[in-house]
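User: I should like to go through one helix of this model and the charged side chains associated with it. Please reason through each point briefly.

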Amino acid sequence: MRKKRVAILISGRGSNMTALIEAAKADDYPAEIALVVSNRPDASGLGRARDAGIAAVVIDHAPFGEDREAFERALDGKLQACRIDIVCLAGFMRLLTPWFVTRWSGRMLNIHPALLPRFKGLHTHRRALKAGVPRHGATVHFVVPEMDAGPIVEQDSVEVRASDTEATLAERVLEVEHRIYPRALRALAEGNAKLPPAGDKDGVN
Ligand code: GRF
């Protein structure tokens, strides 16, 4: 079967991007990383992608100002030109409009550093420590118009230790992220994870 062509969208260091690039090197992996796009010109992940021999481009959101859809049309144009099948958000710090999300519905994943549905949004490690949860982790989910709310594809957790700081917890959760994102992308690329039709609350498979 033809490998699915994947674009990874980043805004920063791109360690999840690197985990996906590494996983996709395996001959039997069902997806190839065809493109990396950053909305920030200074994202350090761009250099990492290029070092790995992957086309990496900047589509800066700043010149588009408040016009989110105009930025997304430029992004979508690039994805279409590169014949992308699947989009992976990996530390992409930009809210996407329903227009873009609907266009890529069932073909776009995001990774979130918490055990969704708990701790949607930012500062998840700080909030998990404050809440005193015994376990914390990461989730890969389909992207739907509501933020951090799509059906879950992969999730895993670590124990929260009494000695944990935000930084130590983040470090252990990041290891989880790097493990589960390649698994989730594999599942989607092989057709083993599907976005249920709208209104069906029974989960992904
Ligand atoms: C990760 O913690 C990811 O879950 C979150 O942003 C961070 C990005 O890290 N959405 P990296 O750029 O993949 O290293």
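User: How far does helix 6 reach from its first C-alpha to its last?
Analyst: The model is predicted. Helix 6 covers residues 166-189 and has 24 residues. At 1.5 Å a residue, the expected span is 34 Å, and the helix comes close to that, reaching 33 Å.

User: Which residue takes a positive phi just after helix 6?
Analyst: The place to look is just after helix 6, where a phi of about 80° occurs. The residue with this positive phi is Gly191.

User: Which residue forms a salt bridge with Glu166, and in which helix does that partner lie?
Analyst: The closest N and O atoms of the pair are 3.3 Å apart, and the cut-off for a salt bridge is 4 Å. The pair links distant parts of the chain, with the two residues 40 apart and Glu166 in helix 6. Glu166 is partly exposed at 35% relative accessible area. The partner is Arg126, in helix 5 (residues 124-131).

User: Is Arg172, which pairs with Asp164, buried or exposed?
Analyst: Arg172 and Asp164 form a salt bridge with their closest N and O atoms 2.8 Å apart. Asp164 has a relative accessible area of 10% and is buried. Buried means under 20%, and Arg172 has 14%, so Arg172 is buried.

User: Which residues are joined into one network with Arg186?
Analyst: The side chains of Arg186 and Glu190 meet in a salt bridge at 2.8 Å, N to O. Arg186 is partly exposed at 25% relative accessibility, and Glu190 is partly exposed at 36%. Through salt bridges that share partners, the network joins Arg186 with Glu190 and Asp28.

Definitions and conventions:
Residues numbered from 1 in each chain as written. Predicted model: local features only at pLDDT ≥ 70, side-chain atom pairs only at ≥ 80, totals over all residues. Heavy atoms only, no water. Helix = DSSP H or I, 4+ residues; strand = E, 2+ residues; numbered from the N terminus. Expected span 1.5 Å × (residues − 1). Buried < 20%, exposed > 50% of the residue type's maximum accessible area, 1.4 Å probe, protein only.
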